[in-house]
Amino acid sequence: MNDFLPLAYPWIKALHVMAVLSWMAGLFYLPRLFVYHAERGHIGQEPAQSFQIMEDKLLRLIMNPAMIVTWIAGLALVLTPGIVDWTMIWPWTKAAGVLGMTWFHMWLAGQRKALLQGRGLSGRRYRMMNEVPTLLMVLIVLSVIVKF
């Protein structure tokens, strides 16, 4: 395994970046769908049924697999010898950001269920929560690029 990871590093890193981009696209788009669902969707009729289908497919078919691949590839990168210096602050701030992103993903999954049951938040609240992935992305990117 120690020989494989350094050789595969550029491929794993590319896979990680592609998975992160897919995951982030979903994390930005799903709360926006929730805004429309909360403001224009009426339970049991159009457009609520269309929003439910879009939300389900985005979460199940794009976001969940992208998150899993992000985690697997990210852990492979962390396990690659010489890549991460755990005495620095940046790996810890990145890890905190990724955990926050994962929590947000799970929160969105819970909100999808709440909207299905008519217990969702207001469109304004979903708009506010739509800023969470941006803040976490800034933390993660600065951590990795600046390496403070």
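Q: A salt bridge is taken here as a side-chain nitrogen of Lys or Arg lying within 4 Å of a carboxyl oxygen of Asp or Glu; in this predicted model, with which residue does R112 form a salt bridge?
A: The closest N and O atoms of the pair are 3.7 Å apart, which falls within the 4 Å cut-off. R112 lies in helix 3 and its partner in helix 2, so the pair ties together parts that are 56 residues apart in sequence. R112 itself is buried, with a relative accessible area of 13%, and the residue it meets is D56.

Q: Which residues are joined into one network by salt bridges that share partners?
A: Besides the bridge between R112 and D56 at 3.7 Å, R60 also forms a salt bridge with D56, with closest N and O atoms 3.0 Å apart. R60 and D56 are four residues apart in helix 2, which separates them by about one helical turn. R60 is partly exposed, at a relative accessible area of 45%, whereas R112 is buried. The network made by these shared partners consists of D56, R60 and R112.

Q: How many residues apart in sequence are the parts tied together by the pair R127 and E39?
A: The side chains of R127 and E39 meet in a salt bridge with an N to O distance of 2.7 Å. Both count as partly exposed, R127 at 34% relative accessibility and E39 at 37%. Because R127 belongs to helix 4 (residues 123–129) and E39 to helix 1, the separation of the parts they tie together is 88 residues.

Q: Which helices each supply at least two residues of the largest nonpolar core?
A: That core has 23 residues, and those with the most contacts inside it are L27, L30, M63, M101 and L108. Leaving aside residues up to four places away in sequence, M101 touches W23, M24, L27, P133, L136, M137 and I140. The helices that each contribute at least two residues are helix 1 (4–40), helix 2 (48–79), helix 3 (90–116) and helix 5 (132–146).

Q: How far apart are the end C-alpha atoms of helix 3?
A: Helix 3 has 27 residues, and at 1.5 Å a residue it should span 39 Å, a value with which the model agrees. Helix 3 is followed by G118, whose phi is positive, near 75°. The distance between the end C-alpha atoms of helix 3 is 39 Å.

Q: What percentage of residues 128–146 is helix?
A: This span is one of those that an unreviewed UniProt entry annotates as "transmembrane region". Its end C-alpha atoms are 28 Å apart, its strand content is 0%, and its helix content is 89%.

Note on methods. Residues are numbered from 1 along each chain as its sequence is written. This is a predicted model: local features need pLDDT of at least 70, side-chain atom pairs count only at pLDDT 80 or more; totals for chains, interfaces and linings use all residues. Side-chain values use heavy atoms; hydrogens and water are left out. UniProt positions are given in the numbering used here, feature names are shortened, and annotations may be inferred rather than shown by experiment. A nonpolar core is a set of buried Ala, Val, Leu, Ile, Met, Phe, Trp, Tyr and Cys residues joined through side-chain atoms within 4.5 Å. Buried means under 20% relative accessible area, exposed over 50%, partly exposed in between (1.4 Å probe, protein chains only). Contact means heavy atoms within 4.5 Å. The expected span of a helix is 1.5 Å times one less than its number of residues.
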